[in-house]
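Me: I have a model open and would like to go through it with you, piece by piece. Could you keep the cut-offs in view as we go?

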Amino acid sequence: MSGFFEQLSRRGLVQDATPGAAERLNAGPVTAYVGFDPTASALHVGNLVPVMCLAWLQRSGGTPIALVGGGTGLVGDPSGKRAERPMLAVEDVAANAEALATQLGRFLSFEGSNAARMVNNADWLARLPLMEFLRETGKHFTVNYMLQKESVKSRMETGISFTEFSYMLVQAYDYWHLFTTAGVELQMGGSDQWGNITAGVELIARKEQKQAHAVVAPLLVTASGHKFGKSEAGNVWLDPARTSPYQFYQFWLNAEDQDAERWLRIFTFLPEEQIAVALAEHANDPGRRAAQRTLAWEVTALVHGEDEADRAARTSLAVFGGADIETDYAELAGTMPNARLSREELQAEPALVDVLVHAGLASSKSEARRGLQGRGFSVNDQQEGDVARRLSVADLRQERFVLLRKGKKNYVMLVIDG
RNA sequence: GGUGGGGUGGCCGAGUGGCUAAUGGCAGCAGACUGUAAAUCUGCCGGGCUAUGCCCUACGUAGGUUCGAAUCCUACCCCCACCA
């Protein structure tokens with residue numbers, strides 16, 4: 001088996017690394033950590049990148065530590081932020097940290113000789129005395145050094161509070177803490193974390209005269225330059241309650257051709273040969289989206305399990321496969337986004353605009369009307385341009401379903417109760 | 001503490017008494033073309049309505065002048081630059 005660094009690198013997960021990192025990581029298993037910021041209570045697809053780094057580490061024999069920033073979250077990371085963030089309430093940070101920890105759990109194995117561990121830096125940061133911090137950590141850094149960091153430099157115009165300015169030292173302290181107490185020799189993260197991570201490397205070098213390492217993954221954007229991780233419905237979350245497995249699958253299925261290859265490497269564990277097969281199939285007939293289908297199934301299976309991936313794939317095919325496919329609406333209703341209406345409400349022949357708002361396809365009636373005028377909505381796959389359109393029992397499919405659609409891809413199944 | 005500049009829609013940025021729900025760009029949504037792709041072209045892009053029109057909310061905050069204010073005045077808050 002090849003070295004861990006080589007693997008990461010082949011998978012497109014290395015943007016930058018400290019000198020010597022490659023040699024150390026290829027030489028043998030290490031213990032490494034990745035920090036997750038509890039500013040939100042859920043993980044989204046963007047977080048999957050560092051998660052994959054930890055997963056690959058574990059697969060190659062290393063010991064992963066997932067750290068949730070219950071302590072650093074109280075300070076606020078200025079990296080990548082153009083302006084000072086409002087401080088989160090202490091209780092919110094704690095609640096978010098706990099929520100993240102549960103979600104991270106499913107990507108790592110907590111058994112075996114290299115069992116993963118979860119830590120929360122609040123456990124040591126919350127009771128760190130200020131005087132000790134200033135003397136033991138702050139003394140090792142010059143303000144000049146800190147001002148060189150991109151996270152600070154970019155804020156010299158707009159301003160940065162002392163609190164956020166100090167952030168990098170706190171994260172550096174974390175790394176040092178894990179280095180000395182848990183033998184952690186590597187910290188990974190997104191490329192926006194480079195400055196913070198190398199501050200930690202620096203601290204360890206000065207306090208311990210030892211070499212620790214940093215490896216950061218590239219920040220993802222789509223090939224056409226759009227933000228990664230957004231779909232029509234907004235952020236793509238890993239939590240099925242926020243983004244259903246079907247929506248999650250669709251997100252990956254809609255990947256641009258140019259991204260599919262890169263993402264297969266980054267977000268799946270498929271061996272190179274299988275990726276090559278999928279790509280060859282795709283090149284042969286791009287319209288079938290073989291690369292995207294493989295990608296979507298694999299990532300959905302990883303995050304939500306194989307059964308959910310199968311269901312999502314079936315639903316996707318049924319909805320987009322064309323009129324010739326025999327559709328079981330009841331099964332679709334189980335996986336797709338759906339809205340409910342009572343039979344009495346339908347018999348009253350409600351205005352389509354109201355139903356569209358009710359189904360969440362339009363945020364207001366004005367928007368629904370404008371959309372209808374622009375022929376942006378469909379009922380049972382028929383484009384609808386009449387603003388005054390009303391729904392009736394005549395629109396029902398298989399007795400109790402109406403398939404509503406906004407644009408090309410946003411379906412909501414309207415289910416009639418009773 | 002002083003002096004000067006500035007705070008406009010998700011972001012950037014025009015506007016300096018009525019023609020302004022506010023030019024333009026970006027982002028977003030939709031249509032056409034396609035392959036549930038990209039690129040391109042077109043439309044939409046605060047909300048509500050009994051709707052070729054009407055009403056509400058909005059230009060840092062609070063008041064004021066005026067028939068009428070994002071635009072003028074006052075106070076306050078915040079940001080930036082220079083000086084101390």
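Me: Which residues in α4 are buried?

Reply: In α4 the buried residues are Val93, Asn96, Ala97, Leu100, Gln103, Leu104 and Gly105. Buried means under 20% relative accessible area, exposed over 50% and partly exposed in between, with a 1.4 Å probe and protein chains only. This is a predicted model, in which local features need pLDDT of at least 70 and side-chain atom pairs count only at pLDDT 80 or more, while totals for chains, interfaces and linings use all residues. Residues are numbered from 1 along each chain as its sequence is written, chains are lettered from A and ligands numbered from 1 in the order in which they are written, and side-chain values use heavy atoms, with hydrogens and water left out.

Me: What covers those buried residues of α4?

Reply: The cover includes β2 (31–36), α3 (48–59), β3 (63–68) and β4 (117–120), where contact means heavy atoms within 4.5 Å. Helices (H or I, at least four residues) and strands (E, at least two) are DSSP runs, numbered from the N terminus.

Me: And how far does α4 reach from its first C-alpha to its last?

Reply: Helix α4 (residues 90–105) has 16 residues and reaches 23 Å, close to the 22 Å expected at 1.5 Å a residue; the expected span is 1.5 Å times one less than the number of residues.

Me: Switching to α11, what do its buried residues pack against?

Reply: They pack against α6 (130–136), α7 (143–148), α10 (167–182), β5 (184–190) and β6 (213–217). Among the buried residues of α11 are Gly195, Ile197, Val201, Leu203 and Lys207. The helix, residues 194–208, spans 21 Å from first C-alpha to last, close to the 21 Å expected for its 15 residues, and Gln209, which follows α11, has a positive phi near 50 degrees.

Me: Now the RNA: how many residues surround strand B, and which are closest?

Reply: RNA strand B is surrounded by 33 residues, the closest being Asn254, Ser364, Ser366, Arg369 and Lys408. A residue is near a strand if one of its heavy atoms lies within 4 Å of it. By class, this surface has three nonpolar, 17 polar and 13 charged residues, counting Ala, Val, Leu, Ile, Met, Phe, Trp, Tyr, Cys and Pro as nonpolar, Asp, Glu, Lys and Arg as charged, and the others, Gly among them, as polar.

Me: What part of RNA strand B do the protein-side atoms meet, sugar or phosphate, or bases?

Reply: Of the RNA strand B atoms within 4 Å of the protein, 71% belong to sugar or phosphate and the rest to bases. For individual side chains, a polar atom of Gln250 lies 3.0 Å from a base oxygen of RNA strand B, whereas polar side-chain atoms of Gln383 and Asn410 lie 3.5 Å and 3.1 Å from a phosphate oxygen, respectively. The elements giving two or more residues to this surface are α12 (245–253), α16 (306–320) and α20 (365–373), and α20 gives the most, with four residues.

Me: One last residue: why does Thr335 count as buried?

Reply: Thr335 counts as buried because its relative accessibility is 11%. Thr335 lies in helix α17 (residues 329–335), and its side chain makes a polar contact with the side chain of Thr315 at 2.6 Å. A polar contact is a pair of N or O atoms within 3.5 Å; within protein, one must be able to donate a hydrogen and the other to accept it, and residues adjacent in sequence count only if both atoms are side-chain atoms.
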